Every structure is written in structure tokens, then in C-alpha cells.
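Good morning, everyone, and please have a look at the model on the screen before I begin.

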Amino acid sequence: MGEETTTATIQESDVSDETLSNLLHEERHFDPPAELAKNANVTADAYAEADRDRLAFWGKQAERISWAQPFDEVLDWSNPPFAKWFVGGRLNAAYNCVDRHVEAGNGDRVAYHWVGEPEGDTRDITYADLKDQVSQAANALTELGVQTGDRVAIYMPMIPETVVAMLACARIGAPHTVVFGGFSSTALSDRIQDCDARVVITADGGYRRGAASALKPAVDEALQKCPDVRNVLVVKRTGQDVEWTEGRDLWWDDVVGRQSVEHAPEAFDAEHPLYVMYTSGTTGKPKGILHTTGGYLVGTSYTHWSVFDLKDDDVFWTAADIGWVTGHSYIVYGPLANGATSVMYEGTPDTPHKGRWWDIVEQYKVTLLYCAPTAIRTFMKWGSEIPAKADLSSLRILGSVGEPINPEAYMWYRETIGGGRCPVVDTWWQTETGQLMISPLPGVTSGKPGSAMKALPGISAVVVDDDGKPVEPGSGGYLTLTEPWPAMLRTIWGDDERYRDTYWSRFKGLYFAGDGAKLDEDGDIWLLGRVDDVMNVSGHRLSTTEIESALVSHPKVAEAAVVGAKDADTGQAVCAFVILREAAGDGGDDIVKELRDHVANEIGKIARPRQIMVVPELPKTRSGKIMRRLLRDVAENREVGDVTTLADSTVMDLISDNLKSGSADED
Ligand code: WTA
């Protein structure tokens with residue numbers, strides 16, 4: 001690990017100067033629209049109610065869920081940090097997301113307006129359709145020998161079958177692990193191995209940027225390293241040619257299509273594993289975050305209903321990929337548990353033109369839009385005249401997630417997309433938290449551009465100093481969560497020790513999120529980004545160590561250091577410094593391209609460094625730790641800061657001489 005590990009103090013360079021200065025001068029705030037406040041699902045009383053009795057509060061929210069057997073106790077926290085929520089309760093997640101809405105007479109309600117990337121390629125899927133399809137898929141998985149507790153890997157584009165596959169797993173109690181379709185075969189095989197999945201569900205491909213983009217070849221390659229996988233179910237999406245392994249590979253349509261649409265859901269324990277989602281940590285190996293059933297459904301459905309003020313006629317759109325936690329919680333489980341109507345879009349925002357999102361909002365009269373600041377900044381760059389062409393008057397509330405939203409982007413979102421009438425909810429949470437944690441309530445909070453404001457009712461977030469003591473308003477520190485919450489991770493798959501070490505050891509009795517935060521004079525929370533070796537690129541978490549390992553696995557590379565440098569579009573960008581092996585000489589003309597492609601192959605395109613600098617030395621402390629702070633100065637074109645702890649003070653000169661002589665590369 002680098003020097004800025006979780007034990008270091010927050011580095012100035014981690015914190016955008018812009019954010020800080022805005023924080024000092026930010027006096028704008030926006031009260032909830034009167035109509036919205038009057039009819040809001042949640043009023044200010046919720047905070048007081050939860051403060052009076054937090055567990056009773058969550059017990060009450062659990063009534064949103066249908067329990068096959070009621071729980072005896074809201075929380076068992078007798079063995080921290082291992083929580084058990086809704087002890088003794090039994091339920092089926094798929095029943096809660098699908099069947100009960102059909103039973104309640106809402107079978108005709110649209111669960112998803114699905115929009116494929118090719119224009120005109122759309123499908124509306126009702127709750128009744130979903131029930132049939134999920135039942136068929138559950139029967140198919142059972143026929144393939146998948147049993148309760150077995151893990152199933154899902155590597156899919158953004159198509160309805162992805163949701164069906166997840167719910168089918170949930171229905172039979174087989175935890176799924178969805179691997180983002182943009183990840184490489186290596187990332188896929190690592191995850192399949194780590195959770196020992198024996199069945200993989202994939203597609204021939206999906207549509208991205210106007211073309212069919214293959215998925216199956218990555219599965220074929222990954223499975224060379226996963227001999228225990230016995231079956232691959234393949235959805236035909238694009239019709240492109242695929243390699244076929246007889247006996248192992250099966251077409252989804254053949255196997256699922258012939259199944260009965262009847263399937264009796266079995267009730268599982270509230271703590272039965274629902275899914276494992278891998279996320280980057282401060283070491284190279286991704287962490288399998290385990291979420292369980294009862295608490296997760298309560299946490300996601302309550303926050304979806306309260307933060308988006310969900311009404312019966314709302315059309316909700318989370319514009320994120322299902323392969324991330326945002327998709328799991330707010331495309332699939334939260335909205336479906338609430339019986340909501342969602343939009344799901346397969347492709348990129350600029351296909352076939354840069355107004356695609358706004359056409360979708362107009363066509364489906366989307367009322368609630370949820371996306372990442374990186375998307376908002378991209379739209380800003382493309383120009384306000386593009387969304388101006390569409391009718392966006394259906395929108396009521398705008399959400400933001402994944403990284404701090406800078407006040408400029410917040411204002412643009414509010415004014416240009418929301419027409420000045422829609423509250424912006426900046427929602428802070430993590431793969432680990434499962435549910436929204438810090439956010440304005442649109443009918444209650446007077447929002448400030450750039451602030452996630454306060455912990456939601458029933459959640460307690462405290463910003464602490466190095467000693468774990470709460471900081472005063474006006475000061476910065478580390479964001480911690482002081483009480484367990486329903487959708488919290490239960491452990492890291494197969495590694496309780498790492499779970500404890502990573503999240504619960506830095507501050508005694510507190511969950512440390514890895515983020516820096518500041519309280520303003522009103523006590524409202526401003527997120528300041530990661531304080532560990534995790535970068536946030538376009539709202540996606542990437543570990544510096546993971547990318548360093550990928551670089552060092554290239555035969556020409558001796559050593560590598562990766563930093564996240566500020567980037568106007570993506571929040572942070574991956575910048576790598578590499579020392580080549582002697583035998584590699586200067587690496588050849590294409591060394592930078594070669595290494596960038598190598599990282600894309602090892603991890604996925606999202607991890608491909610924006611910039612690779614070949615250097616003769618790296619700055620290290622006397623104890624041999626790479627001083628990332630200095631490298632970040634270089635990557636961000638700043639004056640290099642304090643070098644007194646460097647073992648060799650000439651190193652930085654060497655690096656800058658080298659960069660001047662032209663080995664830096666950017667594209
Ligand atoms: C960052 C995504 C500021 C943060 C749901 C966190 C945010 C990490 C916000 C989790 C926000 C997420 N403001 N920062 N509203 N939301 N983050 O696990 O650093 O992919 O720790 O979950 O994203 O990323 P993850």
C-alpha cells in the first residue's frame with residue numbers, strides 16, 4: 001500500500017480545491033417545492049421518530065416487505081461486526097419483487113420500459129410477464145442442478161433477461177454474482193473462482209455505441225481457468241457468431257423457454273445470502289461484498305420510496321449498469337420491491353445521437369432520474385441546447401450518485417435538466433452499505449449544491465478526527481457510520497477477518513467508509529473523496545494496487561505506481577508511472593499503447609490509464625513506500641510539494657527531467 005493508507009491523515013491533494021472553496025462560499029440553498037413538500041412520503045418527523053427508537057423505526061419499515069414468517073427481533077448485534085437483521089423472519093426476495101404485486105392485482109403494471117440501444121428496439125415488461133419469466137428461469141436453473149446456496153455468475157448486457165436471471169437465482173436461494181459486462185475475462189474468472197460459481201449466465205453480446213459488442217468470447221476465455229463451471233446459459237441478444245462448447249453451453253431460449261411458468265417460491269431465512277458483489281479495495285484482490293435478504297430489501301425499498309418520494313404513477317430511471325451496486329439496489333431490488341415502473345436502457349448516451357437520454361425521458365415521461373455526476377458533466381460539455389430539444393417537463397426529482405457532485409454540475413442539472421423546479425438529491429452510499437445512507441429528503445431538506453446533507457432517518461453518520469472523535473461543524477475528517485443498518489454488508493465472501501480489518505478496525509466500534517468528509521457550519525455533510533488507495537473514475541471504484549499489479553504483470557514492466565489525478569470529466573483519471581525492466585530498453589515506440597491495452601485486457605477498459613509515464617525512478621519514503629502524493633502533483637501538473645521524507649531527493653528531478661524530454665504520453 002502507498003503512504004496514504006487509511007492510517008494517514010487526509011491529504012490536501014485528495015480534496016478538490018474547488019470543492020473546498022465552494023464550500024466556504026456556498027450560500028445557495030433550495031427549499032423543497034411546496035407541492036412536493038405537502039404530499040411527500042416522508043416528513044421531518046421521520047428523523048425524530050428514528051432517533052427516539054432506531055430499531056422500532058426499522059421494524060416499522062420492514063412492514064413494506066411480505067414475510068412468510070414474521071421476525072422475532074429487529075437486530076441481533078451481539079457479535080459485532082456481524083449483524084443479523086430481522087432475526088427469525090423468513091421471506092423470498094423474488095416473491096417480494098414480483099409475485100405479490102401480481103397477487104395484489106397489479107400484474108398489468110409495467111415493471112420495465114426496456115429500451116435497447118438500436119432505435120425502436122423496445123420491450124415493455126409487466127409484473128405478470130416478469131413473474132412468468134422468473135418462474136421459468138428458476139425452473140431452468142433447478143433443472144441444471146443449481147441448489148439453494150450455490151453461486152451463479154451473471155455476465156450480461158443491460159437486457160431484461162439480466163433482471164430475470166438475478167430474480168431466478170434469488171427465487172431458489174442461489175446467490176448471484178453479477179460481473180459488469182465491461183470487465184475482462186481475467187476479472188470474470190477471478191470472481192467466478194473466488195465465489196466458486198458452477199453456472200454462468202451470459203449473452204452472445206449486447207449493443208454499445210451502435211455496434212454489437214461480444215460477451216461470450218470473454219466467458220469462453222475465463223472458463224479455461226474455471227474447470228468447475230458445468231454450464232453456460234447464453235441469451236441470444238445480437239445474433240452474432242459464438243464459439244460453442246457442446247454439453248457445457250446451452251441457449252437460454254431452449255432451456256428456459258420450455259419450462260413451466262409455475263414455480264412455488266420457497267421462504268428463506270432473513271439472513272440467507274442474496275448476492276455477492278465484487279468491489280475494489282486497497283489491495284489488489286477485489287472484495288466480494290455479501291448482501292443478505294431481509295435487511296437488504298427493507299433498506300433498499302425504504303430508501304427508494306423515501307428519497308425519490310415514489311408515487312404510484314412515477315416512472316423511475318436509474319441510468320447505471322446492473323453490474324454495479326446502483327443497478328442492483330435501484331434498478332432491480334428497491335424499485336421492484338416497491339412495485340415501481342422503471343426505465344432500463346441498454347446503450348450509451350450518445351447513440352445514435354447525444355440527445356438519446358432526453359428522448360427517452362420525453363417518450364416515457366420519466367419523473368425520477370438517477371445518474372452519476374460524470375454523466376452530468378459530459379452532458380454539460382455537449383451543451384445545453386441538446387436537452388433543450390426534448391420535453392423534460394415530466395421530471396420531478398433528480399438524483400446523483402457515485403462521486404461528489406461539484407456545485408457547477410449540480411446547478412446545471414437542476415436548471416437545465418430539472419427546469420429549476422426539481423430538487424436534486426445527492427445520495428452518498430457504497431457497495432458495502434447496499435442502500436442510500438446520506439441524502440437530502442426531497443420534501444424536507446433545503447438542499448445545498450454539492451452537499452449530500454444529512455444521514456437519512458435511521459442512519460447515523462459521524463465525521464471523526466484521527467482519534468475517532470467527532471469533529472466540530474466547520475471541520476473535516478473521516479466519514480464513519482456508528483450504528484448498523486439493514487442493508488449493510490454482512491462480511492467479505494469467505495474472509496471474515498478481512499471484513500473486520502477493512503471496515504471496523506481503524507476506529508473502534510465504528511464502520512469506516514474510506515471517505516473524507518467535512519461538516520459545514522450547519523453540520524451538513526460534504527463528501528471529499530477517498531482517503532485510501534481507491535480511485536473513483538466516472539463513479540466507478542478502482543484500486544490503485546489492482547492496476548499496479550496488472551501493469552507489473554506485463555513482461556516489460558519492473559515497477560509501477562498508479563494514482564488518481566483530478567479530471568474534469570471523469571472525476572478522477574488513472575495515471576500510471578512505470579519503470580521498465582532493463583531488458584526492455586526504452587520499451588519501443590508503442591510502449592504506452594501496449595501497456596494501456598494490457599491493463600484493459602487484464603481488468604477492463606474502465607481501468608485503462610489515461611496517461612502512462614515511463615520514468616527511471618519512483619519517489620519513495622525511507623521505509624520504501626511510494627509517495628503517491630508527489631506523483632499526483634506531477635499527474636495534476638502542480639508544483640511538487642514537500643519532498644523532505646523522500647529517501648532520495650533527486651528522484652523528483654529525475655522524473656521531471658524525464659517527462660520534459662518527452663516520454664510522457666497522453667491521449
Ligand atoms: C463515492 C456507489 C460523494 C464514495 C453507490 C464511496 C460518493 C464510493 C457519493 C462508493 C456521493 C458514492 N458523494 N461520493 N453522493 N456516492 N460516492 O461502492 O467515495 O461503487 O465510498 O458505490 O463512491 O462507490 P461504490
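I will talk about two domains and how they touch, and then about cysteines.

This is a predicted model, in which local features need pLDDT of at least 70 and side-chain atom pairs count only at pLDDT 80 or more, while totals for chains, interfaces and linings use all residues. Residues are numbered from 1 along each chain as its sequence is written, and side-chain values use heavy atoms, with hydrogens and water left out.

The domain assignment, whose bounds come from an automatic or database source, gives domain 1 (126-274) and domain 2 (534-666). Their C-alpha centres lie 37 Å apart, and the contact, meaning heavy atoms within 4.5 Å, takes seven residues from domain 1 and eight residues from domain 2.

How much area is buried between domain 1 and domain 2? It is about 440 Å², with carbon and sulfur atoms giving 51% of it, where buried area is the accessible area (1.4 Å probe) that two parts lose on being put together, summed over both. On the domain 1 side, Phe183, Ser184 and Thr186 supply 63% of the area buried against domain 2, more than any other three residues.

Between domain 1 and domain 2 there are zero salt bridges, a salt bridge being a side-chain nitrogen of Lys or Arg within 4 Å of a carboxyl oxygen of Asp or Glu.

Turning to the cysteines, the count is zero disulfides, a disulfide being a pair of cysteine sulfur atoms within 2.5 Å. Why does Cys226 form no such bond? Its sulfur is 9.6 Å from the closest cysteine sulfur, in Cys195, which is too far. The sulfur of Cys422 is likewise too far for a bond, because the closest cysteine sulfur, in Cys371, is 12 Å away.
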